[in-house]
Amino acid sequence: MDFVLNLIKAVLYGIVQGITEWLPISSTGHLILMNSFLPMNIYADAQANMDFWNIFKVVIQFGSILAVVLIYWKKLWPFGKKVSEKRRKSIIRLWVKIVIACVPAGVAGILLDDLIDSVLSSSFVIAFTLILYGILFIWMESTEHQYSVETVRDITPKKAFAVGCFQMLALIPGTSRSGATILGSTLLGFNRTAAAEFSFFMAIPVMFGASLLKIIKADIAFNLASVSILLTGTLVSFVISVIAIRSLLSYIRKHDFKVFGYYRIVLGIIVAAFCFMGVIA
């Protein structure tokens, strides 16, 4: 019975991960908050459950990565038989810029991983960052911008690195990786589609690396139940991410990001209120 209940929780977590990873509203923040109400209790030992949770919330992001790879395979794979030499070089140049953009957050993530789990993954921090970046999104969309980057091909290595520096902010739970990169990209002159797509592409090495790091550092005994729950959450995250990415791209062609700013502020206030009332830790 406990296994079935945890499996249902994994499905719910996968749905939330798949939706919130690509919207600028913080997937990790939502998952941490969900864990306050729907904790994963797989092991008899409380510390083992906490260790598994810290792995689970990162590893299910792998499903979201696969969704990006599926949707953008033709844009990201340079070695297809029908890919021209010019197109191949263009894709390789794009990958160079993606790698450059991922260096700042990659280095910071390795150095600060333990600090993030032990200190920054608190509900008060999440509430603060939700509200702060909600305000920033509304401010961003209320000011005029000149877009010098219309497509990801227009991104220079210098701007790629600058976006990567914004991505470091997302190491703080509640910030949102896509939120930080889209906000930074827009301020650097990217239009909404280019900002969103480059944010998706940057997620591939960053999230893959984060998942791999968590698995390598894992100090728990995996069993059939825990592996099944990990795979379930990852699969659901993949399916929902495909839908979420396509829906977001369709939405931003006609709308701005203000609605996500308002959502963040309302959610942040709710989280803060729950903290003060002791509903969540």
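A residue is termed partly exposed when its relative accessible area lies between the limits for buried, under 20%, and exposed, over 50%. In the predicted model analysed here, E85 therefore counts as partly exposed, at 48% relative accessibility. Its salt-bridge partner is R88, with the closest N and O atoms 3.0 Å apart. R88 has a relative accessible area of 19% and is therefore buried. The two residues are three places apart in helix α6, so about one helical turn separates E85 from R88. An α-helix has 3.6 residues a turn, so residues three or four places apart point the same way.

The structure contains four salt bridges, and two others among them join distant parts of the chain. E21 pairs with R177 at a closest N to O distance of 3.6 Å; E21 belongs to the loop between α1 and α2, R177 belongs to helix α9, and these positions lie 156 residues apart in numbering. Both partners are buried, E21 at 4% relative accessibility and R177 at 10%. A further salt bridge is formed by the side chains of K75 and E197, at 3.3 Å from N to O. Because K75 is in helix α5 and E197 in helix α10, this pair ties together parts that are 122 residues apart in sequence. Here the partners fall into separate exposure classes: K75 is partly exposed, with a relative accessible area of 34%, whereas E197 is buried at 10%.

Helix α4 spans residues 61-71, and its buried residues are Q61, G63, S64, I65, A67 and V68. The elements covering these residues include α1, α2, α3, α5, α10 and α11. Q61 also takes part in the lining of the largest pocket, which holds about 740 Å³ of space. Among the 35 lining residues, Q61, G109, L171, V206 and A210 are the closest to the pocket centre. Helices α2, α3, α6 and α10 each contribute at least two lining residues, and α6 gives the most, with 10. By class, the lining comprises 17 nonpolar, 12 polar and six charged residues.

Aromatic pairs number 17 in the whole structure. In one of them, the ring centres of Y43 and F52 are 6.3 Å apart and the planes meet at 65°, so the arrangement is edge-to-face. Y43 is buried, with a relative accessible area of 16%, and F52 is likewise buried, at 0%. The rings of F257 and F260, in contrast, have their planes at 45° and their centres 6.1 Å apart, so this pair is tilted. Both F257 and F260 are buried. Y43 and F52 also belong to a cluster linked by ring pairs, together with Y13, W53 and F56.

Backbone geometry was also examined. Most residues other than glycine have a negative phi. S26, although not a glycine, has a positive phi of about 80°, and this residue lies in the loop between α1 and α2. S176 likewise has a positive phi, near 90°, and is placed in the loop between α8 and α9. S26 is buried at a relative accessible area of 2%, and S176 is buried at 4%. In helix α9, T186 is buried as well, with a relative accessible area of 3%. Apart from its neighbours within four places in sequence, T186 contacts M140, H145, Y147 and A195.

Terms used: Residues are numbered from 1 along each chain as its sequence is written. This is a predicted model: local features need pLDDT of at least 70, side-chain atom pairs count only at pLDDT 80 or more; totals for chains, interfaces and linings use all residues. Side-chain values use heavy atoms; hydrogens and water are left out. Buried means under 20% relative accessible area, exposed over 50%, partly exposed in between (1.4 Å probe, protein chains only). Helices (H or I, at least four residues) and strands (E, at least two) are DSSP runs, numbered from the N terminus. Contact means heavy atoms within 4.5 Å. On a 1 Å grid over the protein atoms alone, a cavity is a set of points where a 1.4 Å probe fits but cannot get out, and a pocket is an open set with protein on both sides within 12 Å along at least five of seven lines; lining residues have an atom within 4 Å of a point. Grid points are joined across faces, edges and corners, and a volume is the space filled by probe spheres set on the points. Ala, Val, Leu, Ile, Met, Phe, Trp, Tyr, Cys and Pro count as nonpolar, Asp, Glu, Lys and Arg as charged, and the others, Gly among them, as polar. Rings of Phe, Tyr and Trp (its six-membered ring) pair if their centres lie within 6.5 Å; planes under 30 degrees apart count as stacked, over 60 as edge-to-face and the rest as tilted.
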